[in-house]
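Trainee: I'm new to this one. Could we go through it together, piece by piece?

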Amino acid sequence: MSYSYQINSKEQYDAAYQRSVEAPEAFWAEVAHNFQWRRKWDKVLDWNFAEPHVAWFAGAKLNITENCLDRHVAENPNRPAIIWEPNDPEEHHRVLTYKNLYDKVCQFAHVLKNNGVKRGDRVCIYMGMIPELAIAVLACARIGAIHSVIFGGFSAQSIADRLQDARAEYIVTCDGAFRGTKDIPLKSVIDDALIACPFVKRVIVCTRTRTPVSMIKGRDVWLEDELKKVETLGLTDCPAEEMDAEDPLFILYTSGSTGKPKGVVHSCAGYMVYTAYSFVNVFNYQPGDIHFCTADIGWITGHSYIVYGPLAAGATTLMFEGVPTWPDASRFWQIVEKYKVNILYTAPTAIRSLMGFGLQPLQGYDLSSLKVLGTVGEPINEEAWNWYNENIGKGNCPIVDTWWQTETGGMLISNMANITPGIPAWATLPLPGVQPVLVDEHGTEIEGNPAAGNLCIKAPWPAILRTTYGDHERCRKTYFSTYPGMYFTGDGAMRDAQGNYRITGRVDDVLNVSGHRIGTAEVENAINMHAGVVESAVVGFPHDIKGQGIYAFIIFQGLHEDENLTRQDILQTVSRIIGPIAKPDKIQFVTGLPKTRSGKIMRRILRKIAEGETSNFGDTTTLLDPAVVEEIAVGKL
Ligand code: WT7
């Protein structure tokens, strides 16, 4: 298989980009002709950002799994689709060819159907990184059910919120998950979540850790038993449901600056075309290459660049169950050598954490198979970029710095391996079809270079979110109302004289901790649940490994003699309400918070204090009680 849409030179990139802006419909139609459709579209693109309404390939019929599986089974049934490396290097790995994967997805699709799942139903998937997770995702897509994958680190409360929001009546989970030395009891977390979700009809449980679980009669079933039933019934192939281009494919929850996480909705056709297109072009994927994305499928990176993008392109994708530092910090390099990985796509936080172990863990590992390196999730600092380049890429591998978001479905700004040059800490140029603009605080586009401002996109690309589940108005307000007529990313950026972009980070109250998005309001709500907490304010601060850490200022009533015990209690509360990823790194007890006369917390000041500043807070005259600032700043010492 070769890709007629593969870009092979800078000239081709320039031409593709120009055409994508001048004639977007013709441009994307040409790309889309490379996929398998039951029926082609009536109209390539219909949109307005006021509602917002975006429809790509309207009128077309397809099933994304026919593109990820059937057509490759027909051409290359024995090509590896998924290589799976377990947490424990002593355990056997698994290789699923396209034919194996197709068979398993069909069987799983039958299991879902036999358990009552129908087209349009929401299925929550809460599993560790085992092949059955990818299989469950694809099985949902096969029958037109909408999957909502929840990362295995989220708490019962977070799961319950998401199940209720999506009214998901079906769950696929595991007894437990292995991650490093940990054995996470997934089924037991689900059981806790379901106390608040009596509407859930069925829980399908896959075995992995053999942790004891309680199976509730009439509700819970073992995947193994269900697969046996399917086999006994002689059910093998499962015809793919014919979906409309704009039917929802999945929901993925992500944090914003206010309220509870929102369910970002992606639809079938545009998402498919864009993830495959961006996968092939950004990584310069060549048939036969082994692609290793270290993300978890619980995040958008895993959806788009472990599952859908690579499989739609007929690639070989490597799934890793464990963590980079167990049994030791050479785990990634051992995997690269073992499978002769060609493309490695990871996060700056992982690179920084591995840097901390020095070069010894690299000793003796052959990394010569690597051709392309990638990074995603947060701005990469130059030091980490240089380390990655010198020690992993040996100065020979382009590093693609890919900027995108859960909402964008795929990479929007990135250099392209072997096509456009990388610049340390710069995401560089937009992909074809992407029109970034920088705007000032009034929403006026800043033209000319260099420039700095808030990053917006002024026209839709095929994988843009379509709505936030159950609340279209929230989608409009969050992304399309700040700067009317444009999609607002929430990020700030700079543009150099050549038009390259450097993403400087969120300009809203969203934190990026180890590449995970967490809303300050969400963390505050969780902290405020603790009985003694009167009020709290959460800000980010620079953290050597995580990129950003979480700093909480808390007013606490009746502080215990042992402040640390109270701190532990609060951390425990946050873990229960959201999950361990949202635990504050620092907690400072205070007697007041800097508020304006209208009652708004001046986070700007708290951010400075969290960064270690003790004076120079700028204008504090609008504060109700300026003395409080001094007190907090001094309290820090
Ligand atoms: C936010 C989106 C896209 C998958 C992972 C995160 C930040 C992401 C980069 C990058 C600088 C980046 C942005 C963005 N971000 N990639 N290459 N350089 N910042 O997805 O959880 O939706 O978070 O991550 O701030 O808005 P997400």
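Trainee: Which residue of strand 14 does H147 stand opposite?

Mentor: First, a caution: this is a predicted model, where local features need pLDDT of at least 70, side-chain atom pairs count only at pLDDT 80 or more, and totals for chains, interfaces and linings use all residues. Residues are numbered from 1 along each chain as its sequence is written. Strand 7 (residues 146-149) runs parallel to strand 14 (residues 248-254), and two bridges join them; strands here are DSSP runs of E with at least two residues, helices are runs of H or I with at least four, and both are numbered from the N terminus. In strand 14, the residue opposite H147 is F250.

Trainee: Which strands stand at the edges of the eight-stranded open sheet?

Mentor: The order is 12-11-8-6-7-14-15-23, with mixed pairing, where two strands pair if DSSP finds at least two bridges between them. Each edge strand has a single partner, so one side of it is left without a neighbour in the sheet. Those edge strands are strand 12 (220-222) and strand 23 (467-468).

Trainee: At what angle does helix 9 run to strand 15?

Mentor: Helix 9 lies across strand 14 and strand 15 (262-267). Angles run from 0 to 180 degrees between N-to-C directions, with axes as lines fitted to C-alpha atoms, for helices over the stretch in contact. For helix 9 and strand 15, that gives about 80°.

Trainee: And how are helix 9 and helix 10 oriented to each other?

Mentor: Helix 9 (residues 268-282) packs against helix 10 at about 90°, with their axes 8 Å apart. Angles under 35 degrees count as roughly parallel, over 145 as roughly antiparallel, 65 to 115 as roughly perpendicular and the rest as oblique. Helix 9 and helix 10 are therefore roughly perpendicular.

Trainee: How many charged residues are in the contact of helix 9 with helix 10?

Mentor: Residues are in contact if their C-beta atoms, placed from the backbone, lie within 7 Å. Helix 9 brings M272, T275, A276, S278 and F279, while helix 10 brings S304, Y305, Y308, G309, P310 and A312. Ala, Val, Leu, Ile, Met, Phe, Trp, Tyr, Cys and Pro count as nonpolar, Asp, Glu, Lys and Arg as charged, and the others, Gly among them, as polar. The split is seven nonpolar, four polar and, for charged, none.

Trainee: What is the strand order in the seven-stranded open sheet?

Mentor: Pairing is mixed here. Strand 5 (94-97) and strand 20 have a single partner strand each, so they stand at the edges. From edge to edge, the order is 5-4-17-16-18-19-20.

Trainee: Which residue of strand 17 is the bridge partner of I290?

Mentor: Strand 16 (residues 290-293) and strand 17 (residues 316-320) run parallel, joined by three bridges. I290's partner in strand 17 is T316.

Trainee: What angle does the direction of helix 10 make with that of strand 16?

Mentor: Helix 10 packs on this sheet, touching strand 4, strand 16, strand 17, strand 18 (343-346) and strand 19 (372-376). Its direction and that of strand 16 make an angle of about 165°.

Trainee: Which residues are closest to the ligand?

Mentor: The shell has 23 residues, counted as near if the C-beta atom, placed from the backbone, lies within 6 Å. Helix 10 (300-312), strand 20 (399-402), strand 24 (487-495) and strand 25 (501-506) each supply at least two of them. By class, the shell has seven nonpolar, 11 polar and five charged residues. The closest are P379, Q405, T406, I503 and R517.

Terms used:
Contact = placed C-beta atoms within 7 Å.
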